[in-house]
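Colleague: Hi! Could you walk me through the pockets, cavities and helix contacts in this one?

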Amino acid sequence: MLKNFDEVLEKVRSIEPFTVSVAAAADKELLQAVKTASDLGFVRPVLVGDPKAVGGICEEIGLKPLDILAADGEEEAVATAVKAVREGGAQVLMKGLVNTSIYMRGILNKEHGLRTGRLLSMMAVYEAPGYHKLVYCSDSGINVAPNLEQKKDILKNILLATKSIGLKTPKVAALTANEMVDPKIQSTVDAAGLVEYVASGALGADLPCIIEGPIAFDVAFDPHAAAHKKIDSKITGETDIVIFPNMEAGNIMGKSWIHLCKCRWAGIVLGATHPVILGSRADTPEIKLNSIALACLAARS
């Protein structure tokens, strides 16, 4: 169990460094975060793009990459960076100064991408004041209104990632507005479906979890709320993973935590053959560093 991002950094520094392939790497702010990760000893960067531009930034900030791979234009940069991951030259893919749609197309390319057959999904991880451990949440950034079959992929993606990160038998809340299954509220039906999916053994013995749903936020995180509602919950107050009913709920909750509660956070994309860092130019250096560290831990086999 990791309590905060300081522990994430401590853990990732205790293992062998990971090679991170950065597509269209001529972005000074991004490479500053990569340099910090490199200086901390857990990243060996492979940078893809115009060698002169990328090399100039590296020289300016003092970054010594493992390699600089030449690429002409965004599409070639993504294809080259993806190839490095697909062929085993790197364990993590990271977005640089490239359009998101071009980046995602390269990942999802049927012949040369990183497809697994599962849905891609976003995992956001929050360090919330007042809670005693990190909370792993999905999906708040890619799938707008996933149906039950898509939520099964989202659940499997996050269980695979958290297993690599080190969570054993995580406690999962299939979050909705209440604890009753109501045919008029699809999220409650889907939450019950996820519980049935896990109970069926479809995930296999390698991905154990304790899942409850439909379950409201207060019951998932507050034992007093569970007791008051007379709900016998095995996860209340100890929830590790939250599966959101839709992207809007996840996005609103995550941003409210970040802006009103000053949560530290990080995010990566799951469902590809390797962890993917999407990121935003608006992300702070801390978010970038935490996301790199998280992706590296999720890349462990």
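Modeller: Happy to! One definition to start: a cavity is a set of grid points where a 1.4 Å probe fits but cannot get out, and its lining residues have an atom within 4 Å of a point. Keep in mind that this is a predicted model.

Colleague: Okay, how many cavities of 30 Å³ or more are there?

Modeller: The count comes to two cavities. The second largest cavity has a volume of about 40 Å³.

Colleague: Which residues line the second largest cavity?

Modeller: Going along the chain, the lining starts with Lys151, then has Ala174, Leu175 and Thr176, then Ser187, Asp190, Ala191 and Leu194, and finally Ile243, Phe244 and Pro245. Strand S7 (171-175) and helix H7 (186-199) are the elements that give two or more residues to this lining.

Colleague: Which element gives the most there?

Modeller: That would be H7, with four residues.

Colleague: And how do the residues of that lining divide by class?

Modeller: Seven are nonpolar, two are polar and two are charged.

Colleague: What about the largest cavity, what volume does it have?

Modeller: The largest cavity has about 130 Å³. It is lined by 14 residues, and those closest to its centre are Leu30, Lys95, Leu278, Gly279 and Ser280. Two elements, strand S4 (92-95) and helix H11 (285-298), give two or more residues to the lining. H11 has the largest share, three residues.

Colleague: What's the class split for the largest cavity?

Modeller: Its lining has five nonpolar, four polar and five charged residues.

Colleague: Let's switch to pockets. How much space lies in the largest pocket?

Modeller: About 510 Å³. There are 24 residues lining the largest pocket, with Met122, Lys255, Trp265, Ser280 and Asp283 closest to its centre. Ser280 may ring a bell, as this residue is also among those closest to the centre of the largest cavity.

Colleague: Which elements give two or more residues to the lining of the largest pocket?

Modeller: Strand S5 (121-127), helix H10 (247-260), strand S10 (264-270) and helix H11 (285-298). H10 gives the most, with six residues. By class, the lining has eleven nonpolar, eleven polar and two charged residues.

Colleague: And the second largest pocket, what lines it?

Modeller: That pocket holds about 250 Å³ of space. Its lining has 16 residues, and Arg118, Leu160, Ala272, Thr273 and Ala298 lie nearest the centre. Helix H6 (148-165) and S10 each give two or more residues, and H6 gives the most, with five. The classes come out as nine nonpolar, five polar and two charged.

Colleague: Now for helix packing. At what angle do H6 and H7 pack?

Modeller: H6 and H7 pack at an angle of about 55°, and their axes are 10 Å apart. That angle makes H6 oblique to H7. The crossing is right-handed.

Colleague: Which residues of H6 and H7 meet?

Modeller: On the H6 side they are Leu148, Lys151, Lys152 and Leu155, and on the H7 side they are Ser187, Asp190, Gly193, Leu194, Tyr197 and Val198. Lys151, Ser187, Asp190 and Leu194 are also among the residues lining the second largest cavity. In the contact of H6 with H7, five residues are nonpolar, two polar and three charged.

Colleague: H11 came up with the cavities and pockets. How does helix H1 pack with H11?

Modeller: H1 (residues 5-13) and H11 have axes 9 Å apart and an angle of about 50°. This makes H1 oblique to H11, and their crossing is left-handed. H1 brings Phe5, Val8, Leu9, Lys11 and Val12 to the contact, while H11 brings Leu289, Asn290, Ala293, Leu294, Cys296 and Leu297. Nine of the contact residues are nonpolar, one is polar and one is charged.

Colleague: Last one: how do helices H4 and H5 cross?

Modeller: H4 (residues 74-86) and H5 (residues 100-108) cross at roughly 40°, and their axes come within 9 Å. H4 is therefore oblique to H5, and the crossing is right-handed. Glu74, Glu75, Val78 and Val82 of H4 make the contact with Ile102, Tyr103, Arg105, Gly106 and Ile107 of H5. That gives five nonpolar, one polar and three charged residues.

Colleague: Great, thanks!

Technical notes:
Residues numbered from 1 in each chain as written. Predicted model: local features only at pLDDT ≥ 70, side-chain atom pairs only at ≥ 80, totals over all residues. Heavy atoms only, no water. 1 Å grid on protein atoms, 1.4 Å probe; cavity = no way out; pocket = protein on both sides within 12 Å on 5 of 7 lines; lining within 4 Å. Points joined across faces, edges and corners; volume = space filled by probe spheres on them. Nonpolar A, V, L, I, M, F, W, Y, C, P; charged D, E, K, R; others polar. Axes fitted to C-alpha atoms, helices over the stretch in contact; angles between N-to-C directions. Parallel < 35°, antiparallel > 145°, perpendicular 65-115°, else oblique. Left-handed = near helix turned anticlockwise from the far one by under 90°. Contact = heavy atoms within 4.5 Å.
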